[in-house]
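I opened this notebook to record what I looked up in one structure, entry by entry. I start with overall quantities and then go on to single residues.

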Amino acid sequence: MLTTTFYLLPPNSCCLIGVASVEDLVSLLQFPFMQRAIAGAVLMGVLGGLLGSFVTLRQLSFFSHAVGHAALVGVVLGVLLQVNPTSMLLPFTLVFGVVVLYLIDQTDLGSDSVLSIVLSGALAIGVILTNLIQGYRGNLIGVLFGDILAIDSTDLILTFLVLVTSSVFLLSTLRQQILLTLNLDVAKVQGVPVQLYRYGFVVLLSLAVAVAIKAVGVLLVNAFLVIPAATAKLMSHHFQHYLVMSMLVGAASSIIGIVLSGAFNLASGPSIVLIQVFLFVAVFIWVKLYFKAA
């Protein structure tokens, strides 16, 4: 039986893949770009679940949201300076995250007020700089909505390094991190270097946002961090179990999202986030029904 298969793979742009049969999907998995995408999905899913667990409990979701949207400025600067956007994005998000945390610590305003001001200003700058770009701007669509199928070996290495660094930093100091998450004042009394851990976490969070933007985009990167952790929180209240479940949900939803994007010709970034939302709703309904029945 004849089947039709098409692969639309423009470099550095939103890649859409269409398959007409299961055989086509299996053969698609043999392509290097698809293998890189799956490897990236696992790494980013685990990284998002790991950091997202602390982001959710420390109520830093708005912070990661601000860093993600402000990253647009870094990408546009890279385009304007004619350098690799990733090489500009990483230091920009890092500096931005640290500066924002410093502003929050040095003002009497609430963190939400500071973040709103900084986020609005960064978006305004990003839009103005975008207008300065001459010629084709289609590559910015990938920045907004993500394209995990376009990640290369460099992206995988960067993601792996951020994941390893995050794992070593958080897991080697897990007791102090938990205490810092649950009660900041008690952590200070116990001699935990609060500021060092806070700024260290912000650095890792900013880098994680930067490496995840290519996969899910500026508009959806916060969901990539928050939803798996929120789903895991519904399933377990034991911190270690919650941490593992968050990483598993992040990795599994990323892989499923990629496969579905290939099977139904959908954008990869939104597909991953949509799967995460579906899992959250399914777990929420299951938990409600389970406890109601119990």
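How much area does the protein expose, and what share of it do carbon and sulfur atoms supply? I noted for the first entry that the model is a predicted one, and that the protein exposes about 14300 Å², with carbon and sulfur atoms supplying 71% of that area.

**Overall make-up.** I looked up the secondary structure next and found 13 helices and two strands. Of the 294 residues in the protein, 47% are buried. I then turned to the contacts with a separation of 6 or more, and 73% of these are accounted for by residues 24 or more positions apart.

**Nonpolar cores.** I asked which residues have the most contacts inside the largest nonpolar core, and the search returned L51, F63, I148, I213 and I258, in a core that counts 70 residues. Helix α10 gives the most to this core, with 14 residues. Apart from it I found another core, made of six residues, with L179, A187, V192 and Y197 among them.

I followed L51 further and left aside its neighbours within four places in sequence; what remains in contact with L51 is S166, L170, F201, L204, L205, A208 and L225.

**Salt bridge.** How many salt bridges does the structure hold? I found one, formed by D105 and R198, whose closest N and O atoms are 3.1 Å apart. The pair links distant parts of the chain, since D105 belongs to helix α4 (residues 85-106) and R198 to helix α10 (residues 194-216), with the two positions 93 residues apart in numbering. As a reminder to myself, side chains of opposite charge can pair when their charged atoms come close.

I also checked whether the two partners are buried or exposed, and neither word applies: D105 counts as partly exposed because its relative accessibility is 28%, and R198 counts as partly exposed because its value is 22%, where the cut-off for buried is under 20%.

**Surface patch.** Which residues form a nonpolar patch on the surface? I listed I157, F160, L161, V164 and V168, which together have about 450 Å² of accessible area. I picked V164 from this list for a closer look and placed it in helix α7, which covers residues 153-172. V164 has 36% relative accessibility and therefore counts as partly exposed, given that exposed would require over 50%.

How values were computed:
Residues numbered from 1 in each chain as written. Predicted model: local features only at pLDDT ≥ 70, side-chain atom pairs only at ≥ 80, totals over all residues. Heavy atoms only, no water. Salt bridge = Lys/Arg side-chain N within 4 Å of Asp/Glu carboxyl O. Helix = DSSP H or I, 4+ residues; strand = E, 2+ residues; numbered from the N terminus. Buried < 20%, exposed > 50% of the residue type's maximum accessible area, 1.4 Å probe, protein only. Patch = residues over 30% accessible without salt bridge, like charges linked within 9 Å, V, L, I, M, F, W, Y side chains within 5 Å. Areas by Shrake-Rupley, 256 points an atom, 1.4 Å probe, with all protein chains shown as cover. Core = buried A, V, L, I, M, F, W, Y, C linked by side-chain atoms within 4.5 Å. Contact = heavy atoms within 4.5 Å.
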